[in-house]
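Please open the structure in a viewer and keep the selection tool at hand. The tour proceeds from the interior of the protein to its enclosed spaces.

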Amino acid sequence: MSLKIFIDGRYFGERDAKVSVFDHGLLYGDGVFEGIRIYNGRVFKLKEHIDRLFCSAKAILLDIPMSHSQIMRATLETCRKNKLRDGYIRLIVTRGVGTLGLNPNRCKRGSVIIIADKIQVYPPELYARGMEIVTVPTVRNLHSAVNPAIKSLNYLNNILAKIEANNAGVEEAVMLNSEGFVAECTADNIFIVKSGKLFTPPLSAGALYGITRGTVIDIAREAGIEVSEPNLTRYDLFNADECFLTGTGAEIIPVVKIDGRVIGSGKPGRLTRQLVGKYHALTKATGEPIYV
Ligand code: PMP
């Protein structure tokens, strides 16, 4: 069955879902997006994702031509039209059609696109065994440039880091900021466990305000685990007892090797596994119902 894709209030089949070559999203990466998961007929953390979409848009002075509740309804409707119970939603807002020049004022109206499809995640063995990651030369963008908190369509910085990870034969890269502190990975936030406590870099180190990151912090605190957000260096990663990454797509994935250093026992840690269990329980039981 061909997907039904929402573009500016209308639904199109995959072959007909097209944008203009003059869209500044294509010409300049001028736009914002969200990746959202569907579990068990519900959209997980939908409100939080739409809130972040509006924050990203505000930061780049992009007027989203729909309200929060209109986007919420359109997202749920797109899931229904595609008969999904489990999957992944890509919500995109571009600056819209303009001229070949940079000037965003030439773009009269932003464009909203919603794609809901099946999800492809890392292979299950990686979750069971844990993954290997490396730090890469490409540093995280400065706040004073394109702030990494903005989930913009301009992901080239992350793509370069991903290429460097691939060249090293691994799936994910740790990105440091210009001061050498750990920021995050190309599409995931990073956590370590040391002496029973959880640590993750502060958002000011150059991380996205990850929704999974926030959820994991809440789950951990509810379970009485102490969580703090200090600046972390590679040394802290190497000497952690456990390490894991968080993201909407990846969920919680254990890391067992970084830059050739074995982390902890070299197997997914006890606290990581505990958090994975609690996270899965939450994804199954909460979220915006699609079929009501
Ligand atoms: N960092 C980056 C750069 C991301 O693109 C993402 C989203 N895949 C994340 C972190 C994780 O954020 P979230 O938990 O909100 O998906």
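Leaving aside neighbours within four places in sequence, with which residues is I89 in contact? Select I89 in this predicted model, and then display E34, G35, I36, I38, V43, T75, C79, I114, I115 and A116, which are its contacts beyond four places in sequence.

**The nonpolar cores**

Keep I89 selected and add V43: within the largest nonpolar core, which has 26 residues, these two touch the most other members. Next, colour the elements that each give two or more residues to this core: the strands β3 (31-39), β5 (87-94) and β6 (111-117), together with the helices α2 (46-59) and α3 (68-81). Of these, α3 gives the most, with 5 residues. Another core lies apart from this one; it has 23 residues, and I133, F238, L245 and I258 are among them. In soluble globular proteins, nonpolar side chains tend to be buried together.

**The largest cavity**

The tour now turns to empty space. Rolling a probe the size of a water molecule over the atoms shows where such space is left. How many cavities of 30 Å³ or more are there? The count comes to 2.

For the largest cavity, select R140, N141, V146, N147, P148, I150, S152, N154, Y155, N157 and N158, which form its lining. The volume enclosed is about 80 Å³. By class, this lining consists of 4 nonpolar, 6 polar and 1 charged residues.

**The second largest cavity**

Now select R37, F44, K45, H49, I211, T212, T215, T248 and Y279, the residues that line the second largest cavity. Its volume is about 40 Å³, and its lining comprises 3 nonpolar, 4 polar and 2 charged residues. Helix α6 (residues 211-222) gives the most to this lining, with 3 residues.

Why does the second largest cavity lie between domain 1 and domain 2? Colour residues 4-117 as domain 1 and residues 124-284 as domain 2: the cavity lies between them because both domains give residues to its lining.

**A closer view of T215**

Finally, centre the view on T215, one of the residues lining the second largest cavity and a part of helix α6. Is T215 buried or exposed? Its relative accessibility is 3%, and a residue under 20% counts as buried, so T215 is classed as buried. To see what surrounds T215, display F44, K45, Y279 and L282, which T215 touches when residues up to four places away in sequence are not counted.

How values were computed
Residues numbered from 1 in each chain as written. Predicted model: local features only at pLDDT ≥ 70, side-chain atom pairs only at ≥ 80, totals over all residues. Heavy atoms only, no water. Core = buried A, V, L, I, M, F, W, Y, C linked by side-chain atoms within 4.5 Å. Buried < 20%, exposed > 50% of the residue type's maximum accessible area, 1.4 Å probe, protein only. Helix = DSSP H or I, 4+ residues; strand = E, 2+ residues; numbered from the N terminus. Contact = heavy atoms within 4.5 Å. 1 Å grid on protein atoms, 1.4 Å probe; cavity = no way out; pocket = protein on both sides within 12 Å on 5 of 7 lines; lining within 4 Å. Points joined across faces, edges and corners; volume = space filled by probe spheres on them. Nonpolar A, V, L, I, M, F, W, Y, C, P; charged D, E, K, R; others polar. Domains from an automatic or database assignment.
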